[in-house]
Amino acid sequence: MARAIEWLRLEATGVIGPRGWRSLLAPLVFVAAAVALLVYDHVNERIPALIFWLALGLVVTVFARTLETNRRQSLALERRDLEAFSDRVTGLPNRHTLHAHVEAALAAPLEASRVLVLLEVEELQAYGDSHGYAAAEELLGKIARHLTVDVEPLGGAVYRFDERRFAVLVPAGQQQLGEVVLLATASLRAEDQDTPIGRTYGEVAIPREAGDAETAFQVACQRLAVHKQGHQHSARRQAHAVLVAALSAHRSELRDHLRTVAYRAIELGRQLGLSREEIDDVALAAELQDVGLLAVPEAILEKEGPLDEAETAMLHRHPLEGERMIAAAPDLAPVARLVRSSYERCDGSGYPDGLTIDAIPPGSRIIAVAVAYAALTSNRPYREALSSTEALAELRRCAGTQFDPQVVEALAADLVAEAAPASKPVSIVG
């Protein structure tokens, strides 16, 4: 009964409007007086019945119009409140909502700590000038959707921070910061365009590095500015972006696969104790592992039957071609070496150099396991995707011959950590 009464109250409030019953006081007085007068006249038969009903219809019309006006005012206020906490273009929560969620994170237990990452779409103004205002808004909407798809599985949320920046708020214990940043910034590219959208970021740990929301915003903005200054002059990043764009344009089906490999390689590098610089090399190499396929004829790549000896030899040269392309940018020399050795096998049966486990760079061994796991857990024309357990069993079967056993066990530990119930993020959104 109580629920029914509350429902009726809410429905009445929605119809009456934001000012409540006070907004109906004047119309009610008018209606009561008019009806009383008409009834009196009708009883005394001083006016024809037609005039009575016309007058009554007018009263009802005025009353209905008053209700409709109040309803529209109520809807307008609701829209205003919605716009105050969400972005019109992307539909994402805006800075005001982010402020509230950061404050909630500051008040939450330590195990529910968060990482705030600000992301800037650098070439948005130039993109809008070239393609038009509507195209720029469409691009922002696409970026928002991609970020949401990438971040929500981590238990995080995406926000429109301001005109050119997005914000990502994720559980601090769910993933390493480097993986979160790569995951988020990987989405900030213009699809089907020759030039990728630039991306820079600034991060802050909450509450460890900030005691309130505005301080957190200031720290993240400062770090974003520093990163942007270095990023704009980084030949390494620019060359990598060009090569990734070329590979994606030529073989678009590899885009998502290589991103998945990069994310997994970052986590394996962390598990194995690589430095931040080494992990960065591994991540870049993972995205460019197959760039050498650009030098392989399409007839070989698309051939349905078995390859002959000459075709196989040409295919096995693609790591060398990839190294050559990447090494054209001197700052990417360490990445080029990792790409060259990413198809080697621990027993020496790989290519192009036939290296054994001790001679294969650790980053290349990590990429090999990440690539294999991503391939095994993806659908293929000739088989369905394996489960995580089945894929891990297959990698363990090949450990010591094809894969580094230490890297395979690092993957096993990473999968256990992902599946642990304790890793489930604590929601701070009310």
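## Close-up views of a predicted model

The structure holds 0 disulfides. These legends walk through a predicted model, starting with the whole chain and then moving in on single helices, loops and peptide bonds.

**Figure 1. The whole chain is made up of 18 helices and 4 strands.** Welcome to the overview. Of the 430 residues in the chain, 42% count as buried. The chain exposes about 23100 Å², and carbon and sulfur atoms supply 57% of that area. If you like contact maps, take those contacts in the chain that join residues at least 6 apart in sequence: 67% of them link residues at least 24 apart.

**Figure 2. Helix α4 covers residues 95–107.** Here is a small length check to try for yourself. With 13 residues at 1.5 Å a residue, helix α4 should span 18 Å, and its end C-alpha atoms are indeed 18 Å apart. Thr-97, Leu-98, His-101, Val-102 and Ala-105 are the buried residues of α4. Looking down the axis of α4, you will find these buried residues within an arc of 135 degrees, so they line one face of the helix. The spacing has a simple background: an α-helix has 3.6 residues a turn, so residues three or four places apart point the same way. On the face of α4 turned away from the buried side sit the exposed residues His-96 and Ala-107. At the start of the helix, a side-chain oxygen of Asn-94 comes to within 3.1 Å of the backbone nitrogen of His-96.

**Figure 3. Helix α15 runs over residues 333–340.** Its buried residues include Val-335, Ala-336, Leu-338 and Val-339. Around the axis they cover an arc of only 160 degrees, which puts them on the same side of α15.

**Figure 4. Leu-272 sits in the loop between α10 (254–271) and α11 (276–287).** Is this loop residue buried, exposed or partly exposed? Leu-272 has a relative accessible area of 26%; because buried means under 20% and exposed over 50%, Leu-272 is partly exposed. Leaving aside neighbours within four places in sequence, Leu-272 is in contact with Ile-366, Gln-406, Val-407 and Ala-410. One of these partners, Gln-406, is 134 residues away along the chain, yet the C-alpha atoms of Leu-272 and Gln-406 are separated by 8.4 Å.

**Figure 5. Asp-404 is found in the loop between α17 (388–397) and α18 (405–419).** Asp-404 counts as buried because its relative accessibility is 6%, and the cut-off for buried is under 20%. Which side chain makes a polar contact with the side chain of Asp-404? The partner is Arg-365, at 2.8 Å. Not counting residues up to four places away in sequence, Asp-404 touches Cys-346, Ile-357 and Arg-365. Of these, Cys-346 is buried too, at 7% relative accessibility. While we are on cysteines, Cys-398 also counts as buried, with a relative accessible area of 12%.

**Figure 6. Cis peptide bonds precede Pro-207 and Pro-352.** For Pro-207, the cis bond comes from Ile-206, with omega near 10 degrees. Pro-207 has its place in the loop between β4 (199–206) and α8 (213–232). For Pro-352, the cis bond is the one shared with Tyr-351, where omega is about 10 degrees. Pro-352 belongs to the loop between α15 and α16 (362–376).

Notes: Residues numbered from 1 in each chain as written. Predicted model: local features only at pLDDT ≥ 70, side-chain atom pairs only at ≥ 80, totals over all residues. Heavy atoms only, no water. Disulfide = S-S within 2.5 Å. Buried < 20%, exposed > 50% of the residue type's maximum accessible area, 1.4 Å probe, protein only. Helix = DSSP H or I, 4+ residues; strand = E, 2+ residues; numbered from the N terminus. Expected span 1.5 Å × (residues − 1). Arc of directions from axis to C-beta. Polar contact = N/O pair within 3.5 Å; in protein donor to acceptor, adjacent residues only side chain to side chain. Contact = heavy atoms within 4.5 Å. Areas by Shrake-Rupley, 256 points an atom, 1.4 Å probe, with all protein chains shown as cover.
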